[in-house]
Amino acid sequence: MLEDAAWGADAMADIVDNLLELSRWQSSRLSLDQRSTDIGELIRKVVAYSATRSPDHRISADISAGLPMVHADRTRIERVLDNLVDNAIKYSPDGGEVLISARVENGGILVAVRDRGIGIREEDIGKLFEPFQRLDNRPAGSSIAGIGLGLVVCRRLVEAHGGRIWVESQEGKGSTFFFTLPLSHPDKVE
């Protein structure tokens, strides 16, 4: 019962945090504390935390060597990663691998969160980043928690950083969510 209560408290805290972020964005009061941030370190932190929340999943990282710093609000990018990993876990009901990767691409950092879950129908992809959207492709008998704000918050936070976010998915084979972030010192990219 204590584990269930702790899980419920974490889920409620995530919902409240997402509502607060969305409220800040809607009222034009979203203020970022952007600094040079080690995205590899942040990814490893999210992997370690997420692995304790879902022991049925193998959550791992593939971070390119020598990855440069990004210009980002560490707390907000951690929220983005948490939301994306949480979705990957929710929509991979039988366990499996969730992989977070990061590499330099096109003058910025490209981060990807890949799962081998149920995937998303092509006609539903356009709905994903809209408020309160929950897709109907949940596994039978599933009680996946959430109110459909996590991906909206991800989009708002990534775009506030000057990046973009998108998904590639194949129904029955999983999804990969991608987002980009600017480098701290773009003139040093080789």
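**Figure 1. The hairpin of β6 and β7 holds a glycine with positive phi.** Three residues lie between the two strands of this hairpin. One residue to find here is Gly 172, whose phi is positive, near 85°. The model shown is predicted. β6 and β7 pair in the antiparallel sense, over six bridges. To follow the pairing, start at Val 167, which stands opposite Phe 177 in β7.

**Figure 2. The chain as a whole has four helices and seven strands.** From the N terminus on, the order of elements is α-β-α-β-β-α-β-β-α-β-β. The chain has 190 residues, and buried residues make up 44% of them. Take the contacts between residues at least 6 apart in sequence: 70% of these join residues at least 24 apart.

**Figure 3. Five strands form an open sheet.** The order of the strands is β2-β4-β5-β7-β6. Their pairing is mixed. Which strands are the edge strands? They are β2 (residues 57-63) and β6, and each pairs on one side only. From one strand to the next, the twist averages 15°. In a regular strand the side chains alternate between the two faces of the sheet.

**Figure 4. β4 and β5 form a hairpin with two residues between the strands.** Asn 106 belongs to this hairpin and takes a positive phi, near 55°. The two strands pair in the antiparallel sense over eight bridges. Two positions help to trace the pairing. Leu 99 stands opposite Arg 114 in β5. Ala 102 has Val 111 in β5 as its bridge partner.

**Figure 5. β5 is largely enclosed by the rest of the structure.** Why is β5 described as largely enclosed? Seven of its eight residues are buried. β5 also pairs with β7. Seven bridges join these two strands, which run antiparallel. Among the positions to look for is Leu 110, which stands opposite Thr 180 in β7.

**Figure 6. Helix α3 lies across strands of the sheet.** The strands it lies across are β2, β4, β5 and β7. With β7, α3 makes an angle of about 175°.

**Figure 7. The largest nonpolar core has 36 residues.** In soluble globular proteins, nonpolar side chains tend to be buried together. Which residues have the most contacts inside this core? They are Ile 39, Leu 81, Ile 100, Val 111 and Phe 179. Helices and strands both contribute: α2 (39-53), β3 (70-72), α3, β4 (96-105), β5 (108-115), α4, β6 (165-170) and β7 (174-182) each give two or more residues. The largest share, seven residues, comes from α3.

**Figure 8. Phe 179 is one of the core residues with the most contacts.** The contacts in this view leave out residues up to four places away in sequence. Phe 179 touches Ile 77, Val 80, Leu 81 and Leu 84. Phe 179 also touches Ile 109, Leu 110 and Val 111. Val 158, Arg 164 and Ile 165 complete the list.

**Figure 9. Helices α3 and α4 cross at roughly 145°.** Two packed helices are described by the angle between their axes and the distance between the axes. Here the axes of α3 (residues 74-90) and α4 (residues 150-160) come within 9 Å. The crossing is left-handed. From α3, the residues in contact are Arg 76, Arg 79, Val 80, Asn 83, Leu 84 and Asn 87. From α4, they are Gly 150, Leu 151, Val 153, Cys 154, Leu 157 and Val 158. By class, the contact has seven nonpolar, three polar and two charged residues. An α-helix has 3.6 residues a turn, so residues three or four places apart point the same way.

**Figure 10. Helix α4 is mostly covered.** How many of its 11 residues are buried? Eight are. The buried residues are Gly 150, Leu 151, Val 152, Val 153, Cys 154, Arg 156, Leu 157 and Val 158. After α4 comes Gly 162, with a positive phi near 85°.

**Figure 11. Leu 157 lies in helix α4.** Is Leu 157 buried or exposed? Leu 157 has a relative accessible area of 1%, so it is buried. Its C-alpha atom is separated from that of Val 80 by 7.3 Å. Along the chain, these two residues are 77 residues apart. Leu 157 and Val 80 both take part in the contact of α3 with α4.

Note on methods
Residues are numbered from 1 along each chain as its sequence is written. This is a predicted model: local features need pLDDT of at least 70, side-chain atom pairs count only at pLDDT 80 or more; totals for chains, interfaces and linings use all residues. Side-chain values use heavy atoms; hydrogens and water are left out. Axes are lines fitted to C-alpha atoms, for helices over the stretch in contact, and angles run from 0 to 180 degrees between N-to-C directions. A crossing is left-handed if the near helix is turned anticlockwise from the far one by less than a right angle, and right-handed if clockwise. Contact means heavy atoms within 4.5 Å. Ala, Val, Leu, Ile, Met, Phe, Trp, Tyr, Cys and Pro count as nonpolar, Asp, Glu, Lys and Arg as charged, and the others, Gly among them, as polar. A nonpolar core is a set of buried Ala, Val, Leu, Ile, Met, Phe, Trp, Tyr and Cys residues joined through side-chain atoms within 4.5 Å. Buried means under 20% relative accessible area, exposed over 50%, partly exposed in between (1.4 Å probe, protein chains only). Two strands pair if DSSP finds at least two bridges between them.
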